[in-house]
Every structure is written in C-alpha cells, then in structure tokens.
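Subject: Structure for you to look at

Dear colleague,

I am passing on a structure for you to look through, and below it I have written out what was found in it. Please keep it open beside this message as you read.

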Amino acid sequence: MKSVPYNASVGHTAGNGIETLTEEKWQAIILNNEAYNRKFFYAVKTTGIFCRPSCKSKMPNKENVLIFDNAQQAITEGFRPCKRCKPTGGPLPDHEWVTQITHYIEANYNKKLTLQSLADICHGSPYHLQRTFKRIKRVTPIEYIQKTRITKAVEYLADSEESITEIAGAVGMYNTSYFTTLFKKKTGLTPTEYRQLNRNKEMYTGDKNDNKK
C-alpha cells in the first residue's frame, strides 16, 4: 500500500480526499452507528483496509484512522474494502482478501501473530480465513507466517553479526529453541550451521577472486 500523506495530529485534513476525524465521527465508529454509513468511510493505516462506520470489526487505534467522503477516495489512496462490511457494496474477492492478509504478515512478521489475531485484523472468521487462505496459497496462514520469518532470519544470518537469540526475537520468535528447530526443519540446517556455511562460501568466493588478480 502506498504511503498516505496524513498529518499525525488527529483532526487535521491532509488533502487527497482525507477528511477530519472529528469526535462525532470517532463516536460513530466506536458505536458502529449505521446512521453514518452514507456520510463517510474510515480506513486503518496498519491494516490497509477501509470500512463503513457500522462495521463490527476489531476497534482500531484512533491514531491509525483516516476518514474519507467516499469509497473511491479510499481505494485511490491504496486501501482495500473490508470483507465483512463490504463498503463498496459487493463482496471482496477471495484472492484480494488473501493478498491483504499476506501483505499484513509480511509487514508484521516480527509481532505476535495467530490465526485469531489475523482474522480480527482482516475482518473474517478464523475458520473461513484458514480454509480460504490454504485454498489460494496452498499453505495455511501459520505456515506462511513461519516461511516469512525463516526467510527474514536467513537474511539476518547472512548480513548481520547478531546472535541467534537476537535474530529469533527480531523475526517474532522469542523461544530460541523452537526457532532453531523450525529453522532446521525448513532449511535442513541449524541457524549456526547456515551462518557458517554462508561465511565459508563467501571466503571461497573471495579466494577465487583474489587468485584471478
């Protein structure tokens, strides 16, 4: 999702169709007030999703909320319609919904992520999320989270001098023993073995280049 030019001080309009988040509108969101559905839409910067005021999805943090006059303005700013309240009038295609979820995972892999928390954030039930995600991505949401974390861990191991424990925490896995077990299951090597192998390859490549000089 592209960045939104919004003044962090709630209550200031920033152009591009973004309107003021007044206390009246905030109360409408808190109370899921259907009377405001035709008056404005709200988007949440951390999820990339926009909703009707009546949406009963998880309450966002006030500082992450943007207000739009209409759905098209929110879409133009890079937000996607909520699958639960259907702010554009029609259902969100499953492929687009799963794309929302994968984008969120890739941006928040270092945080605590569960099937329930993903369902809350992306406005669906855990059962429907599990079934739909696996049908489209061929893996479960948890498997996708694990894959993303291990991919990031590989980058840390290759490019940093941080300890295995520090890297485990950096990718959202604070149990180092479990991190090591999962890493070996996914790559065939422990984190320590992977780091050493990567360094040996770099040394070998460096020696070959030096010999050519």
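How many helices and how many strands are there in the protein? Bearing in mind that this is a predicted model, the protein has nine helices and five strands, and along the sequence they follow the pattern β-α-β-β-β-α-β-α-α-α-α-α-α-α. Of the 213 residues in the protein, 41% are buried, while the area that the protein exposes comes to about 11800 Å², with carbon and sulfur atoms supplying 49% of it. If you consider contacts between residues at least 6 apart in sequence, 58% of them join residues that are at least 24 apart.

Let me begin with helix α1, which spans residues 23-30 and whose buried residues are Lys 25, Trp 26, Ala 28 and Ile 29. These residues lie on the same side of α1, because the arc that they cover around the axis is only 155°. It may help to recall that an α-helix has 3.6 residues a turn, so residues three or four places apart point the same way. And what do the buried residues of α1 pack against? Their partners are the strands β1 (18-19), β2 (41-44) and β4 (65-68). After α1 comes Asn 32, which has a positive phi, near 50°.

The other place to look at is the pair of helices α6 (residues 141-159) and α8 (residues 176-187), whose axes come within 10 Å and cross at roughly 95°. With that angle, α6 is roughly perpendicular to α8, because angles of 65 to 115 degrees count as roughly perpendicular. From α6, the residues Gln 146, Ile 150, Ala 153, Val 154 and Leu 157 take part in the contact, and they meet Tyr 178, Phe 179, Leu 182, Phe 183, Lys 186 and Thr 187 in α8. Sorted by kind, the residues of this contact are eight nonpolar, two polar and one charged.

Finally, Thr 165 belongs to helix α7, which covers residues 164-170. Is Thr 165 buried, exposed or partly exposed? Thr 165 counts as partly exposed, because its relative accessibility is 48%, and partly exposed residues are those between the 20% and 50% cut-offs. Thr 165 and Phe 179 are 14 residues apart in sequence, and from C-alpha to C-alpha they are 8.7 Å apart in space.

With best wishes

Notes:
Residues numbered from 1 in each chain as written. Predicted model: local features only at pLDDT ≥ 70, side-chain atom pairs only at ≥ 80, totals over all residues. Heavy atoms only, no water. Helix = DSSP H or I, 4+ residues; strand = E, 2+ residues; numbered from the N terminus. Buried < 20%, exposed > 50% of the residue type's maximum accessible area, 1.4 Å probe, protein only. Contact = heavy atoms within 4.5 Å. Areas by Shrake-Rupley, 256 points an atom, 1.4 Å probe, with all protein chains shown as cover. Axes fitted to C-alpha atoms, helices over the stretch in contact; angles between N-to-C directions. Parallel < 35°, antiparallel > 145°, perpendicular 65-115°, else oblique. Nonpolar A, V, L, I, M, F, W, Y, C, P; charged D, E, K, R; others polar. Arc of directions from axis to C-beta.
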